[in-house]
Amino acid sequence: MGTGIRRIEAVTGTEALNYLNEKVELLNELKGILKVNKEELMPKQLLKLIDDKKQLEDQLEIINHQQAQHLKQDLKAKVKLKNQVNYIAELIDFKDPIQTKSILFELRAELSNTVICLAQSINDKPFLSVITTTDLDPQQYNAMNIIKTIAPAIQGGGGGQVFYA
């Protein structure tokens, strides 16, 4: 097609009627789902649903953050000592890997002389996370090596960084 030329597609005859009938069926189905009687109310109802969804997502994020903070406090209370090094090794029932990582980094900043290993199941898959505090010797307490040692128990691999894997 050349510059300035527009392509128009159209349906005619029975195909046009079929097309319109499909759109009417879709509109009626949406009216039923949204529980509205008039088509002009549908956009308002859809906007309300979108707004309600956003509010629920915001509330869920707040609740998840609160649960993460409770979990962090619980983990801090479970610090144990072995060979002059603190450690936390726990199976946690927490489904958000991003929040788990956040908790680990917060604990890393708040604790000292500590190795933290958390195990969790997300969508029926095992996950292991290990982090070490900044004051530990990375040669002696290497998170990647710790993961490589324990990951085969769950048919997993290794990887990550010296302080976080």
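This is a short dialogue about reading salt bridges, surface patches and a hairpin in a predicted model.

Reader: Let's start with charges. How many salt bridges are there in this model?

Author: The general idea is that side chains of opposite charge can pair when their charged atoms come close. In this predicted model, the count comes to nine salt bridges.

Reader: Can you show me one? Which residue does Glu9 form a salt bridge with?

Author: The partner of Glu9 is Arg7, and their closest N and O atoms are 3.4 Å apart. That counts as a salt bridge because the cut-off is within 4 Å. Now look at the surroundings: Glu9 has a relative accessible area of 66%, so it is exposed, and Arg7 is exposed too, at 61%.

Reader: And which residue meets Lys95 in a salt bridge?

Author: That one is Asp93, with 3.3 Å from N to O. Lys95 counts as exposed at 52% relative accessibility, and Asp93 is exposed with 69%.

Reader: Okay, what about a pair that links distant parts of the chain?

Author: Try Glu110 and Lys76, whose closest N and O atoms are 2.7 Å apart. Glu110 sits in helix H3 (residues 97–110) and Lys76 in helix H2 (residues 42–76), with their positions 34 residues apart in the numbering. Glu110 is partly exposed, at 39% relative accessibility, and Lys76 is partly exposed as well, at 28%.

Reader: Which residues are linked with Glu110 in a network of salt bridges?

Author: Lys72, Lys76 and Glu106 join Glu110 in that network.

Reader: Let's move to the surface. Which residues form a nonpolar patch there?

Author: Find Val11, Tyr19 and Leu20: together they have about 290 Å² of accessible area. Val11 belongs to the segment before helix H1 (13–34). At 46% relative accessibility, Val11 counts as partly exposed, and that is enough for a patch because the cut-off there is over 30%.

Reader: Which residues gather in a patch of negative charge?

Author: Those are Glu15, Glu22, Glu25 and Glu29, again on the surface. Take Glu29 as an example: it lies in helix H1, and it is exposed, with a relative accessible area of 52%.

Reader: Now the strands. How many bridges join strand S3 to strand S4?

Author: A handy idea first: in a regular strand the side chains alternate between the two faces of the sheet. Here, eight bridges join S3 (residues 114–122) to S4 (residues 125–132), and the two strands run antiparallel. One bridge to look for pairs Ile122 with Lys125 in S4.

Reader: How many residues lie between S3 and S4 in the hairpin?

Author: Two, and Asn123 in that turn has a positive phi of about 55°.

Reader: Why would I notice a positive phi?

Author: Because most residues other than glycine have a negative phi. Asp124 is another case here: its phi is positive, about 65°, although it is not a glycine. You'll find Asp124 in the loop between S3 and S4, and it counts as exposed at 76% relative accessibility.

Reader: Where does Asn113 lie?

Author: Asn113 is in the loop between H3 and S3. Its phi is near 55°, a positive value in a residue other than glycine. Asn113 is partly exposed, with a relative accessible area of 24%.

Definitions and conventions. Residues numbered from 1 in each chain as written. Predicted model: local features only at pLDDT ≥ 70, side-chain atom pairs only at ≥ 80, totals over all residues. Heavy atoms only, no water. Salt bridge = Lys/Arg side-chain N within 4 Å of Asp/Glu carboxyl O. Buried < 20%, exposed > 50% of the residue type's maximum accessible area, 1.4 Å probe, protein only. Helix = DSSP H or I, 4+ residues; strand = E, 2+ residues; numbered from the N terminus. Patch = residues over 30% accessible without salt bridge, like charges linked within 9 Å, V, L, I, M, F, W, Y side chains within 5 Å. Areas by Shrake-Rupley, 256 points an atom, 1.4 Å probe, with all protein chains shown as cover. Lys, Arg positive; Asp, Glu negative; His and termini not counted. Charge placed at Lys NZ, Arg CZ, Asp CG, Glu CD. Pairing = 2+ DSSP bridges.
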